[in-house]
Amino acid sequence: QVQLVESGGGLVQPGGSLRLSCAASGFIFSLYDMGWYRQAPGKQRELVAAITGRGIANYADSVKGRFTISRDNAKNTVTLQMDSLKPEDTAVYYCRRAQGGYWGQGTQVTVSA
């Protein structure tokens, strides 16, 4: 079955960096678009970044220039490098397979001094 397991969240100071990883299994990873979403308390879940199977990326305006999404089709992983973090980036971050709507369990990112 499809499984998506996120890791790498934590507490970081404003201006700091974190790297999230999502390990995928149960499907042919390279054939699917993948995305990172986030949900802050009291807010709707929103798309942060997405990447096609061939590696074409797009980003929410709020993270452009600060976050980088990448994938390793040989290792079945998708990564979100987050730099210059701001308190408003605080949220639970989720990995998602675009087709079929599969989600990981989420990982908490907290940006605070």
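A residue counts as buried when its relative accessible area is under 20%. Keep that cut-off in mind while we walk through this predicted model, starting with its cysteines.

The structure has 1 disulfide, and it joins C22 to C95, with the two sulfurs 2.1 Å apart. C22 sits in strand β3 (residues 18-25) and C95 in strand β9 (residues 91-97), so to speak of distant parts of the chain is fair: the two are 73 residues apart. How buried or exposed is C22? Its relative accessibility is 1%, which is under 20%, so C22 counts as buried. C95 comes out at 0% and therefore counts as buried too. As for handedness, the torsion about the S-S bond is about -80°, which makes this a left-handed disulfide.

Staying with β3, let's look at its partner. β1 and β3 run antiparallel to each other, paired over 5 bridges, and L4 stands opposite A24 of β3. In a regular strand, side chains alternate between the two faces of the sheet. Strand β1 (residues 3-7) shows a covered face with L4 and E6, while Q3, V5 and S7 are on the uncovered one.

Now for the charges. The whole structure holds 4 salt bridges. One of them pairs D89 with R38, at 2.9 Å from N to O. This contact also links distant parts of the chain, since D89 is in the loop between β8 (77-82) and β9, R38 is in strand β4 (residues 34-39), and they are 51 residues apart. D89 has a second partner in R66, at 2.7 Å from N to O. R66 lies in the loop between β6 (57-59) and β7 (67-72), so this pair ties together parts that are 23 residues apart in sequence.

Which residues do these shared partners join into one network? They are R38, E46, R66 and D89. Three of its members can be checked against the cut-off: D89 is buried because its relative accessibility is 1%, R38 is buried at 7%, and R66 is buried at 10%. Elsewhere, K64 forms a salt bridge with D61, the closest N and O atoms being 3.2 Å apart, and here both residues are exposed.

Some of these names come back at the largest pocket, which has a volume of about 160 Å³. Of its 13 lining residues, R38, A40, K43, E46 and E88 are the closest to the centre. The lining as a whole divides into 3 nonpolar, 4 polar and 6 charged residues.

Technical notes: Residues numbered from 1 in each chain as written. Predicted model: local features only at pLDDT ≥ 70, side-chain atom pairs only at ≥ 80, totals over all residues. Heavy atoms only, no water. Disulfide = S-S within 2.5 Å. Helix = DSSP H or I, 4+ residues; strand = E, 2+ residues; numbered from the N terminus. Buried < 20%, exposed > 50% of the residue type's maximum accessible area, 1.4 Å probe, protein only. Pairing = 2+ DSSP bridges. 1 Å grid on protein atoms, 1.4 Å probe; cavity = no way out; pocket = protein on both sides within 12 Å on 5 of 7 lines; lining within 4 Å. Points joined across faces, edges and corners; volume = space filled by probe spheres on them. Nonpolar A, V, L, I, M, F, W, Y, C, P; charged D, E, K, R; others polar. Salt bridge = Lys/Arg side-chain N within 4 Å of Asp/Glu carboxyl O.
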